[in-house]
Amino acid sequence: MKLLKTLVAAAALAVSASAFAVPVLPGTETPLQTIINNAYGGTGSPVTSAPNVNTNQSGAELFKIEASQGSIATMIIEIAGNAATNLFGIYDPSNAATRLQLFGGSATAGGIVTLYQYAGNMFSTTSSGNLFNPPADAVQFSGSTFGYYLGTANNGTFYSQASLNGGNAQMVSYQGDGDQVNFLGNGFGPATWGPSSFLLAWEDTPYGNSDKDFNDMVVYVESVNKVPEPGSLALLGLGLAGLAAVTRRKQKKA
């Protein structure tokens, strides 16, 4: 019985840690792994410390802005055939139709936009100079949590939450751990890829019909924290509960 509980707990923890792993294939264009590896060249952080696109996914699907109430999104690369029409922004997980666009089809590598969160969970790309007085174009969200979306002209809208894409992941995410990187090159010096920054890599065609290389759009977002999905929290709780039960049983018999 002890062994069974231990195995159940371990399995739950393992599932919660790996449930978001999505196969990323090399494809016929610049592979996502190459895009990430190139950011490590000449920065002081060895390429060997770069995240592996298949085994080091963060599983982040929902986010919150840090205490600064501002988050910068930077376009790293977009090599999709639909680049001229693709849109990128945030959406309200409670109502995915509530959205705020960050990048339009004209965005290119190096494009930067700042997302601001105002009082009352109002979001905007406009700075009013006062977080308690949202600008007129601010969009009301139901809470401070948001997801990212990729809008396409012919394939609909894809979301960072796989559950909103029929259970298919259209985005994979990678979280910084303090490495020095340079995603933009062109004279930019290395900078720290910290734990509150994520690389979001997208497929802009339905997963089942895609080449699964997740390099159609790659965006770097910073000053955000990962918000665990309720299902992940439940699995983690199950695993911790199982471990706690084993510990209590051992203490009683001691």
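Over residues 232-253 the pLDDT (the predictor's confidence in each residue, from 0 to 100) stays under 50, and the model has 22 contacts for this stretch beyond four places in sequence, a contact meaning heavy atoms within 4.5 Å. This is a predicted model, in which local features need pLDDT of at least 70 and side-chain atom pairs count only at pLDDT 80 or more, while totals for chains, interfaces and linings use all residues. Residues are numbered from 1 along each chain as its sequence is written, and side-chain values use heavy atoms, with hydrogens and water left out.

**Confidence**
- The protein chain has an average pLDDT of 85, and 81% of the residues score at least 70.
- Over residues 1-18 the pLDDT is below 50, and this stretch has 20 contacts in the model beyond near neighbours in sequence.

**The open sheet**
- Four strands (DSSP runs of E, at least two residues, numbered from the N terminus) form an open sheet in the order S4-S3-S8-S9 with antiparallel pairing, where two strands pair if DSSP finds at least two bridges between them.
- Because S4 and S9 (157-159) stand at the edges with a single partner strand each, one side of each is left without a neighbour in the sheet.
- Strand S8 (residues 147-151) runs antiparallel to S9 and is joined to it by three bridges; Gly-151 has Thr-157 in S9 as its bridge partner.

**Thr-98 in strand S4**
- Thr-98 lies in strand S4, which spans residues 95-103, and it counts as buried because its relative accessibility is 18% (buried means under 20% relative accessible area, with a 1.4 Å probe and protein chains only).
- Neighbours within four places in sequence aside, Thr-98 contacts Ile-90, Tyr-91, Asp-92, Val-139, Gln-140 and Phe-141.

Key
Buried means under 20% relative accessible area, exposed over 50%, partly exposed in between (1.4 Å probe, protein chains only).
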